[in-house]
Amino acid sequence: MNFSELEKLMSSRGVTTLAEIARTLNTTPQAVSNWKSRNQVPYRIAVKLSQLPPAGNPQTSDDPPIYSSPIAHYSSPIIYEKDTISLSDILLTIAEQLKVIVLTTFISVFLTFTYVQFIKQPLYVSWATVLLPESKMSNLGGLAGLASQFGVNVPMEATADLSSPSLYPELLRSRTFAEKILDKEFYLDEYGKKLTLLAILTQGDKPPKFERDSLITEAVKLLNEKYLAFDQDPQSTFSIIKVTAPEPRFAKNLADVVLAELESLNRYFKSETVNEKTAFIENRISSVEVELETSEVALKVFNEKNRQISSPALALEQERLERDAEVQRGVYLTLKQQLELAKIEEVQKSSIVQVLDMPQIALGPSNKNLLLSVVLSLILGVGLGFLFGFFRSYLDNNDMEERKKLRRIKHFMKKKTKDLVLDRRISGTISVFMLIGLPFYLRHESNSPVFFGQYSLLLLMIILVYIATMMVAIGLYLSSFKKK
């Protein structure tokens, strides 16, 4: 049914204005105005109108209200079907809520632009691309070959130790490495002077409030979480050491220090390993040298006593002495070779890590992309605008049944919220659990205590809020008895 037919039907009954039509159909003038603008009457209204008595037979007082309850007077199930939402309905809702959509979009874009451009702290990244050497075979190849002749298996691969380049990621995150660079000084424009890295990461240019161990623990955590990163792609032979900092020059200088100290620490562990191996070889050379001299003296004495060897027993004894001397001589020569290699490795100064790209000063912040942020905020703002607009349109629904449901929802929300606060079972349960948990909160000690030698500022605030909430719950529980 179109609206012109509705007007003819209503005018035949003496109803001419939109307000009178709204009162007759038990709806709002806005709904009637919407029907007129679309020139379409909802199907449920058309079905109700078909149930009206003829114009010459007005409704008596004994007749039921025309629109009091469709369920009581109409048996057709078609009445309960919802109105079909057409494209024109959607466009009409958008046009009605255009101000909400535009305002929401503006707020989203404005807040994003202001935050990214003026509030968000810029972060700059400086990185170095390095090539880590693969694990090499052990330098005990000569000894292993000699030992294999006697049935002794010596592992040919080098065991992993702190000098292994494969441990660079773990070494970079270690406290030992952090302590090496925390005392290095860097210049920051924010302070206008040089400060140690420990001060930059903790108290800045203010005097320290905690002990050095606590400051180092906090600085190591912050350094590993925000400043240093080691990216190792299994598909590539190169690795990247990244340094993120609030100033580009500081990021570059810190990356240089990280590379230098990482290589220095690795060389230190390598030197320790070489020194241990050198000491072991020297001790073995001393003992093998004694055994070699003993074997050679025994062979010399045997040859002097037996210048002419005629019996098989003497020949066998001579071969045994010569074999022992030869074995000791071979072990001695191999140990001498390994000692020379260890000494060469000990004084080796060349870098074990090849740097492809040295750290550079970043040209721009890595965490700011104004164009992308604005575009995303624009899309989000439009989406939220449509959501708020349709929700607001739904709240302004002209259907009386929907309005009644919304009023019931508000009523139940207020009633249940009040019951949630005043119900003594809820307040009593909360009070009991919070009383049980209170000793655990009071006995807890912070890593960096400030108040009472036990609590940090955050923990003290949590405890105060906890006690206040518990007292409120106990008060509500006790007050429920007084009311009764």
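Student: At what angle do helix α1 and helix α3 pack?

Tutor: Happy to start there, and bear in mind that this is a predicted model. Helix α1 covers residues 3-11 and helix α3 covers residues 29-38. Their axes lie 8 Å apart, and the packing angle is about 125°.

Student: Is α1 oblique or roughly antiparallel to α3?

Tutor: Roughly antiparallel needs an angle over 145 degrees, and roughly perpendicular runs from 65 to 115. The angle here is about 125°, which makes α1, relative to α3, oblique.

Student: Which residues of α3 make the contact with α1?

Tutor: On the α1 side, the contact is made by Phe3, Leu6 and Glu7. By class, the residues of this contact divide into four nonpolar, no polar and two charged. From α3 come Val32, Trp35 and Lys36.

Student: Let's turn to α15. How are α7 and α15 oriented to each other?

Tutor: Helix α7 spans residues 98-119 and helix α15 spans residues 370-395, with axes 7 Å apart. They pack at an angle of about 150°, and the cut-off for this class is over 145 degrees. The two helices are therefore roughly antiparallel.

Student: Is the crossing of α7 and α15 left-handed or right-handed, and how many nonpolar residues does the contact have?

Tutor: The crossing of α7 and α15 is right-handed. The contact of α7 with α15 includes 10 polar residues and one charged residue. Its nonpolar residues number 13.

Student: What is the orientation of α6 to α15?

Tutor: Helix α6, residues 87-96, packs on α15 with the axes 9 Å apart. The angle is about 100°, and angles of 65 to 115 degrees share one class. That makes α6, with respect to α15, roughly perpendicular.

Student: Which residues of α15 make the contact with α6?

Tutor: α6 contributes Ile90, Thr93 and Ile94. The contact of α6 with α15 holds four nonpolar, two polar and no charged residues. The α15 residues are Phe386, Phe390 and Ser393.

Student: Now the strands. How many residues of strand β1 are buried?

Tutor: Strand β1 runs over residues 124-131 and is mostly covered. Buried here means under 20% relative accessible area. Of the eight residues in β1, the number buried is six.

Student: Which residue in β5 stands opposite Thr129?

Tutor: β1 pairs with strand β5, residues 238-245, in the antiparallel sense. Eight bridges join β1 and β5. Opposite Thr129 in β5 is Ile240.

Student: And which residue in β6 stands opposite Leu131?

Tutor: Strand β6 covers residues 354-357 and also pairs with β1 in the antiparallel sense, over three bridges. Facing Leu131 from β6 is Gln354.

Student: Is Asp183 buried or partly exposed?

Tutor: Asp183 sits in the loop between α10 (175-181) and β2 (185-188). Buried would need under 20% relative accessible area, and exposed over 50%. Because its relative accessibility is 43%, Asp183 counts as partly exposed.

Student: Leaving aside neighbours within four places in sequence, which residues is Asp183 in contact with?

Tutor: For a sense of the surroundings, Asp183 and Leu198 are 15 residues apart in sequence and 6.4 Å apart in space, C-alpha to C-alpha. The contacts of Asp183, with those sequence neighbours left aside, are Thr196 and Arg212.

Student: Finally, what share of residues in the protein chain is buried?

Tutor: The protein chain has 18 helices and six strands. Among its contacts with a separation of 6 or more, 68% are between residues 24 or more positions apart. Of the 484 residues, the buried share is 29%.

Key: Residues are numbered from 1 along each chain as its sequence is written. This is a predicted model: local features need pLDDT of at least 70, side-chain atom pairs count only at pLDDT 80 or more; totals for chains, interfaces and linings use all residues. Side-chain values use heavy atoms; hydrogens and water are left out. Axes are lines fitted to C-alpha atoms, for helices over the stretch in contact, and angles run from 0 to 180 degrees between N-to-C directions. Helices (H or I, at least four residues) and strands (E, at least two) are DSSP runs, numbered from the N terminus. Angles under 35 degrees count as roughly parallel, over 145 as roughly antiparallel, 65 to 115 as roughly perpendicular and the rest as oblique. Contact means heavy atoms within 4.5 Å. Ala, Val, Leu, Ile, Met, Phe, Trp, Tyr, Cys and Pro count as nonpolar, Asp, Glu, Lys and Arg as charged, and the others, Gly among them, as polar. A crossing is left-handed if the near helix is turned anticlockwise from the far one by less than a right angle, and right-handed if clockwise. Buried means under 20% relative accessible area, exposed over 50%, partly exposed in between (1.4 Å probe, protein chains only). Two strands pair if DSSP finds at least two bridges between them.
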